[in-house]
Amino acid sequence: MDPVETFRRFVSDNIARAGSDRGFVGLSDVWVREAIRYNYAQNFTWLGRPIVQVPQDIYAIQELIWACRPDLVIETGIAHGGSLVMSASMLAMLDYCDAVEAQTVLDPRASRRKVVGVDIDIRAHNRSGLDAHPMRHKIHLLEGSSLAPEIADTIRAHAEGYDRVMVFLDSNHTHEHVLEELKLYAPLTSKGSYCVVWDTGVEDLPEDMCADRPWGRGNNPKTAVRAYLELVGKGGMTGHDGAPLDFVTDQVIENRLMITASRDGFLKRV
């Protein structure tokens, strides 16, 4: 057998065995829960900007963007901007690799690939930090509620003409808000690409860990994902491209990561 295929099957078997070991999955989830007590996900940066993500989820972003090769990434929730810079840097890497393959000179500012980020409150120090970053030319910032009609219309306008679109939802984590975001932005996801809903793990946390938040068990991104997939499953919905809309939960990704804040949150459009 081809050694590349042999290794691929080896890795696939590793992931399947890990995912079927409920003790290992449970242990991993306990680790994530305890890490939250120490604000673990806030301790990291990407190219100098704080990125509030579990490192394994950061790695997932890299794998997804490399595999799907999107031209447009849409993100709700900006915080310090590290996630925007992460996505922008991966798009820049795609530009670089395309130039190498085509043996052409790369003009970084000539690329159509970009990230559109929206937040209800882009704080001045975060905006200035992003404005000073080398990846800024690939990032378009929008300030306002992701549910506001004018914001949604602007993002849909940005998506016009793009065939490969990826979506990351990471703003207000209440069920109602995330469900409305899914209705607005998941249809922009191109076939074969992903709409990732971050922090679905809120559903599995002890109730006292979200006592100071408007979200918690029974009211969070995971419950919104379940409701949205139920709506999609009834049929009749179409994507931005006019094709029928359908998503599956990619559990191979979460079983590969094992430590993730977003079980059941990696939605692949099929």
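**Exercise 1. Which residues do ring pairs link into a cluster with Trp31?**

Solution. Ring pairs link Trp31, Tyr40 and Phe44 into a cluster. This is a predicted model: local features need pLDDT of at least 70, side-chain atom pairs count only at pLDDT 80 or more, and totals for chains, interfaces and linings use all residues. Residues are numbered from 1 along each chain as its sequence is written, and side-chain values use heavy atoms, with hydrogens and water left out.

**Exercise 2. Describe two aromatic pairs.**

Solution.

Step 1. Start with the rule. Rings of Phe, Tyr and Trp (its six-membered ring) pair if their centres lie within 6.5 Å; planes under 30 degrees apart are stacked, over 60 edge-to-face, and the rest tilted.

Step 2. Search the whole structure. The search finds 6 aromatic pairs. One of them is Tyr40 with Phe44, an edge-to-face pair at 5.2 Å centre to centre, with 75° between the planes.

Step 3. Check the cover. Buried means under 20% relative accessible area, exposed over 50%, and partly exposed in between (1.4 Å probe, protein chains only). Tyr40 has 24% relative accessibility, so Tyr40 counts as partly exposed. Phe44 is partly exposed too, at 27%.

Step 4. Take another pair. Phe168 and Trp198 are tilted, with 5.9 Å between centres and 40° between planes. This pair links distant parts of the chain: Phe168 is in strand 6 (residues 165-169), and Trp198 is in the loop between strand 7 (194-197) and helix 8 (221-233), 30 residues apart. Helices (H or I, at least four residues) and strands (E, at least two) are DSSP runs, numbered from the N terminus.

Step 5. Check the cover again. Phe168 is buried at 1% relative accessible area. Trp198 is buried at 2%.

**Exercise 3. Which ring has the charged end of Arg112 over it?**

Solution.

Step 1. Set the limits. A charge sits over a ring if NZ of Lys or CZ of Arg is within 6 Å of the ring centre and within 35 degrees of the ring normal.

Step 2. Find the ring. The charged end of Arg112 sits over Tyr162, 4.1 Å from the ring centre.

Step 3. Look at Trp66. Arg69 lies over the face of Trp66, 5.8 Å from the ring centre. Trp66 is in helix 3 (residues 55-68). Trp66 is partly exposed, at 40% relative accessible area.

**Exercise 4. Follow strands 4 and 7.**

Solution.

Step 1. Count the buried residues. In strand 4 (residues 114-119), 6 of the 6 residues are buried, so strand 4 is largely enclosed by the rest of the structure.

Step 2. Sort the side chains. Lys114, Val116 and Val118 point one way from strand 4, while Val115, Gly117 and Asp119 point the other way.

Step 3. Find a partner. Two strands pair if DSSP finds at least two bridges between them. Strand 3 (residues 72-76) runs parallel to strand 4, and 5 bridges join them. Leu72 stands opposite Lys114.

Step 4. Turn to strand 7. Tyr194 and Val196 on one side and Cys195 and Val197 on the other are all buried. Strand 6 runs parallel to strand 7, joined by 3 bridges. Val167 stands opposite Cys195.

**Exercise 5. Where do Asp29 and Arg263 lie?**

Solution.

Step 1. State the rule. A salt bridge is a side-chain nitrogen of Lys or Arg within 4 Å of a carboxyl oxygen of Asp or Glu. The structure holds 23 salt bridges.

Step 2. Take the pair. Asp29 forms a salt bridge with Arg263, their closest N and O atoms being 2.8 Å apart. Asp29 is in helix 2 (residues 22-36) and Arg263 in the loop between helix 9 and strand 9, so the pair ties together parts 234 residues apart in sequence. Asp29 is partly exposed at 31%, whereas Arg263 is buried at 9%.

Step 3. Move to Lys222. Lys222 forms a salt bridge with Asp204, at 2.7 Å between the closest N and O atoms. Lys222 also forms one with Asp264, at 3.9 Å. Lys222 is in helix 8 and Asp264 in the loop between helix 9 and strand 9, 42 residues apart.

**Exercise 6. Which two residues of the loop between helix 9 and strand 9 have a positive phi?**

Solution.

Step 1. Recall the background. Most residues other than glycine have a negative phi.

Step 2. Name the residues. Met258 has a positive phi of about 65°. Asp264 has a positive phi of about 70°.

Step 3. Compare the cover. Met258 is buried at 5% relative accessibility, whereas Asp264 is partly exposed at 21%.
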